[in-house]
Amino acid sequence: MSAPAPPLLERLARVVGPGRLLTADSDLAPFLTDHREIYHGRAFAVAQPDTAGQVAELLAVCNAHRIGVVPQGGNTGYCGGATPDDSGAQLVISLARLNRIRAVDALNDSLIGEAGCLLADVQRAAQAAQRFFPLSLGSEGSCQIGGNLSTNAGGVHVLRYGMMRDLVLGLEVALADGRLLSSLTRLRKDNTGYDIKSLFLGAEGTLGIITAASLKLFARIRATATAFAAVRDPGAAVELLARLREASGERVSSFELIPRIAVELTTRHIPGVRDPLDAAHAWYVLCELTSARAADPCDAMLTECLEPALEEGLVEDAVVVRNERERSALWKLRETIPEAQRRDGASLKHDISVPVAAIPAFIERAGQWVRDHVPEGRLVSYGHVGDGNLHFNINQASTTDRTAFLARGETVKRAIHDLVREFDGSISAEHGIGRLKVAELERYAPPVELELMRAVKHAFDPNGILNPGKVLREQR
Ligand SMILES: Cc1cc2nc3c(=O)[nH]c(=O)nc-3n(C[C@H](O)[C@H](O)[C@H](O)COP(=O)(O)OP(=O)(O)OC[C@H]3O[C@@H](n4cnc5c(N)ncnc54)[C@H](O)[C@@H]3O)c2cc1C
């Protein structure tokens, strides 16, 4: 593929209207690099459609001329999925202008929003209707629901509400050949053949471009209790989670594991973040109970669980928040760990999951491997431990050369991912495959599963125009 001739550019420009096909280098620049600045691509243009029809029409033209397209949402993804390759022959389609909330149906507990709606705007729209949309990520002020759907995003409420896949009722999707699949159902029961929409969830723009979604809403949260507890070790964290669930049932909505180094990084790099406890401890959990009933004694349930754990030494110290300001401060600490890591230097990231009960053994084995083999790095292993999901990251020590450190990435990744396989885990818990993990998917996915994925890709996108080279390697 090469960059299209001027008449074709004019054709694409007519689809989106005046000023909405960007071609000047300075206009393109923000769309050509991923959030972590690992990938730098080129594109002949960025299209900014503002209707689903325009997205479909762009795809029809690109398909007819075999032009590769790269859908881009908020560009906060961690796997390079929204960055074009370096050929200069691809078109980036930015979904940012498809940002209308089309309908909120409080009685049906559902909302229809366009793909380019910011996640935070969807949360606000739900709140305005006295409802709750539970997906919550550190990037919620800039990621879009189209990106969340396409990466099947997770976040801090998966424990209670599931991942993005679990929050979807229906989708509207522009297909590779320019047809618009309109399946914005608001039904909770619909057993009419294959569940086609589920194929687009987590497909990272390789099977179609999502233009709108019908999402599930939930009862508004009226009682919340949040605690920051220093725990003896990761095993104590897993035990505490089991006890909290036993004591409060489905009220446990978040349970995050945080190592000491993350407290040090956030207090050093993020203004306003403070260490919540007086003394330093090796491990912490940030846990939250929530309920839709204002009278639910979440606070009491939390303290009744923490007190005996303190006496037994499972918990070494704890603070239960008294107001929203204190709660926000704790969440700020947790949500800014990735940013603090970024400011501290380069890091080797692994978004992995293992069965919850295996978390302590995994941290022990993998941590020892890092200490033995990566002495120039510092382990920052944190995450959504209630889902068995760890961000098993290694930051460069301040004395280490950045390039030399990053060059170790492949070897380190192989060792960590091999260990993940030993623990029956996943090499991508919530961030997807994108460009970053194409070879990893080939190495670790069951061969039959890969064959089926390729067959699905071919059925949906026979000319291979949709996000080429992402998730699956291009077949020649
Ligand atoms: C500070 C921070 C915290 C984060 N925390 C979490 C977390 O807790 N959990 C988690 O899961 N992720 C997290 N992320 C990662 C990221 O925010 C999510 O992956 C998010 O879902 C990406 O959304 P986006 O709109 O930025 O998508 P982009 O980065 O723009 O795109 C991601 C992929 O989806 C495709 N895509 C985008 N829009 C569409 C569309 N409309 N149709 C088809 N394909 C599309 C792109 O081509 C690309 O392959 C975090 C990121 C940051 C920076």
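This passage describes the overall dimensions, the strand pairing, the ligand shell and three individual loop or tail residues of a predicted model.

The secondary structure of the protein comprises 17 helices and 19 strands. For a chain of 476 residues, a compact globule would be expected to have a radius of gyration near 23 Å, and because the protein has 23 Å, the model agrees with that expectation. The C-alpha trace extends over about 75 × 55 × 45 Å along the principal axes. Buried residues account for 49% of the 476 residues. When contacts between residues at least 6 apart in sequence are considered, 74% of them join residues at least 24 apart.

Towards the N terminus, an open sheet of four strands is arranged in the order β1-β2-β4-β3, and its pairing is mixed. Its edge strands are β1 (21-22) and β3, each of which pairs on one side only. Strand β3 runs parallel to strand β4 (residues 91-94), the two being joined over four bridges, and within this pair V69 has L91 of β4 as its bridge partner. Helix α3 (residues 52-64) packs on the sheet and touches β2, β3 and β4, with a direction that makes about 170° with that of β4. Helix α1 (residues 6-16), in turn, lies across β1 and β2 (45-47) and runs at about 25° to β2.

The loop between α3 and β3 contains R66, a residue that has a positive phi of about 55° although it is not a glycine. R66 counts as exposed because it has 12 C-beta neighbours inside 10 Å.

A second region of strand pairing involves β5, β6, β8 and β10. Strand β5 (residues 101-105) and β6 run antiparallel and are joined by four bridges, with A103 standing opposite I112 of β6. The two strands form a hairpin that has four residues between them, and D109 in the turn has a positive phi of about 50°. Strand β6 (residues 110-114) is mostly covered, with five of its five residues buried. In a regular strand the side chains alternate between the two faces of the sheet. In β6, S110, I112 and E114 point one way whereas L111 and G113 point the other way, and all of these residues are buried.

Strand β6 also pairs with strand β10 (residues 209-216), in the antiparallel sense and over five bridges. Two positions along this pair may be singled out: L111 stands opposite L215 of β10, and E114 stands opposite A212 of β10. Strand β10 is joined to strand β8 (residues 168-174) as well, by six bridges and again in an antiparallel arrangement, and here V173 has I210 of β10 as its bridge partner. Like β6, strand β10 is mostly covered, and eight of its eight residues are buried.

Strand β10 additionally contributes to the surroundings of the ligand, since β3 (69-72), α5 (145-151), β10 and α12 (337-344) each supply at least two residues of the shell. The largest share, five residues, is provided by α5. Of the 38 residues around the ligand, those that come nearest are G73, G77, G81, G146 and G147. Divided by class, the shell consists of twelve nonpolar, 22 polar and four charged residues.

Two further residues lie outside the regular elements described above. D296 is placed in the loop between β14 (283-291) and α10 (298-312), and it counts as partly exposed because 18 C-beta neighbours lie inside 10 Å. Apart from neighbours within four places in sequence, D296 is in contact with A223 and S291. The C-alpha atoms of D296 and V92 are separated by 49 Å, the two residues being 204 residues apart along the chain.

N467 lies in the segment after α17 (447-460). The phi of N467 is near 45°, which is a positive value in a residue other than glycine. In contrast to R66, which counts as exposed, N467 counts as buried because it has 28 C-beta neighbours inside 10 Å, above the threshold of 20.

Key
Residues are numbered from 1 along each chain as its sequence is written. This is a predicted model: local features need pLDDT of at least 70, side-chain atom pairs count only at pLDDT 80 or more; totals for chains, interfaces and linings use all residues. Two strands pair if DSSP finds at least two bridges between them. A residue is near a molecule or strand if its C-beta atom, placed from the backbone, lies within 6 Å of it. Ala, Val, Leu, Ile, Met, Phe, Trp, Tyr, Cys and Pro count as nonpolar, Asp, Glu, Lys and Arg as charged, and the others, Gly among them, as polar. The radius of gyration is taken over C-alpha atoms; the globule rule is 2.2 Å times the number of residues to the power 0.38. Two residues are in contact if their C-beta atoms, placed from the backbone, lie within 7 Å. Axes are lines fitted to C-alpha atoms, for helices over the stretch in contact, and angles run from 0 to 180 degrees between N-to-C directions.
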